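Got the viewer open? Let's take a walk through this one together, picking a few spots to select along the way.

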Amino acid sequence: MTATVPPSASPPAVPPPERPPHRPRHRLLAAIVVVLLIAIPAGYLVLSAAQSRDSGQDKQRDAAAPGLMWRWPSKVERRVYELPLPDDTTYVAHYERNSWQRSSFYVQFRTSPEGLDAFLAEAGGDPAGLAAGRPGVSDRHADVVGWDFDVPGHRYAGARIDRPGERPDLQITVDVTREDRPQVHVVSTVEF
């Protein structure tokens with residue numbers, strides 16, 4: 001037998017569905033995270049593009065330079081041509097000249113006597129090997145950037161550092177007229 005429900009009895013009450021609690025902080029946090037995930041990479045891309053463009057313009061300007069540029073060479077240039085400039089260096093100028101067989105990097109700067117000794121030692125030469133009247137930078141290289149080592153009243157000393165293997169060789173001429181701040185002229189040459 002089946003039981004029948006009397007018509008006057010109502011079915012049991014089902015509670016109305018509850019809404020989840022409102023949590024605006026989570027939505028705000030989610031929005032901030034999404035914005036940061038988009039904004040940070042986009043900002044990085046814009047900054048990288050600007051730096052890359054500036055770098056290309058600097059290289060183009062350096063390649064088009066007709067002679068010495070009065071600024072420090074980049075770390076990459078100093079590393080490639082193995083030129084350890086002393087910390088107390090001032091009046092720095094450089095010029096790079098490239099060809100299929102050879103690249104030459106011309107640098108001039110002023111330093112202290114201690115800085116000159118440190119430069120020569122770190123470059124692989126002997127500070128005592130810098131000799132008065134000895135040829136350093138060849139006339140052919142000096143003419144490229146307009147260096148004149150025959151100025152009356154100036155005293156010069158020179159040295160050459162021949163490095164083994166494919167390392168660049170250095171030609172160095174130092175104007176020692178001002179003993180407290182000698183002016184150094186260096187040509188670093190890499191043969192291919």
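Start with the whole surface switched on: the protein chain exposes about 13400 Å², and carbon and sulfur atoms supply 58% of that area. Keep in mind that you're looking at a predicted model. Of the 192 residues in the protein chain, 33% are buried.

Now swap the surface for a cartoon and colour by secondary structure. You should find 4 helices and 6 strands. Trace the protein chain from the N terminus and the elements come up as α-α-β-β-α-β-α-β-β-β. As for contacts between residues at least 6 apart in sequence, 54% of them join residues at least 24 apart.

Next stop: the aromatic rings. Show the side chains of Phe, Tyr and Trp, and there are 6 aromatic pairs to hunt for. Select Phe-109 and Phe-119 to begin. How far apart are the centres of their rings, and at what angle are the planes? The centres sit 5.5 Å apart with the planes at 75°, so this pair is edge-to-face; the cut-off for that label is over 60 degrees. Look at where the two residues come from: Phe-109 belongs to strand S2 (residues 102-110), while Phe-119 is part of helix H3 (residues 113-123), so the pair ties together parts that are 10 residues apart in sequence. Are these two buried or exposed? Both Phe-109 and Phe-119 are buried.

Then jump to Phe-149 and Tyr-156, another edge-to-face pair, with 5.6 Å from centre to centre and 70° between the planes. Buried means under 20% relative accessible area, so Phe-149 makes the cut at 16%, and Tyr-156 counts as buried too, at 17%. Don't stop at two, though: add Tyr-95, Tyr-106 and Trp-147 to your selection, and you'll have a cluster linked by ring pairs, with Phe-149 and Tyr-156 in it.

For the last stretch, select strand S4 (residues 156-161). How many of its 6 residues are buried? The count is 5, so strand S4 is largely enclosed by the rest of the structure.

Bring in the strands that pair with it. Strand S3 (residues 131-132) runs antiparallel to S4, with 2 bridges between them. Click on Ala-131 and look across to S4, where Gly-158 is its bridge partner. Strand S5 (residues 169-175) is antiparallel to S4 as well, joined to it by 6 bridges. To see where they meet, pick Ala-157 and find Val-174 standing opposite in S5.

Notes. Residues numbered from 1 in each chain as written. Predicted model: local features only at pLDDT ≥ 70, side-chain atom pairs only at ≥ 80, totals over all residues. Heavy atoms only, no water. Buried < 20%, exposed > 50% of the residue type's maximum accessible area, 1.4 Å probe, protein only. Contact = heavy atoms within 4.5 Å. Areas by Shrake-Rupley, 256 points an atom, 1.4 Å probe, with all protein chains shown as cover. Phe/Tyr/Trp six-rings, centres within 6.5 Å; stacked < 30°, edge-to-face > 60°. Pairing = 2+ DSSP bridges.
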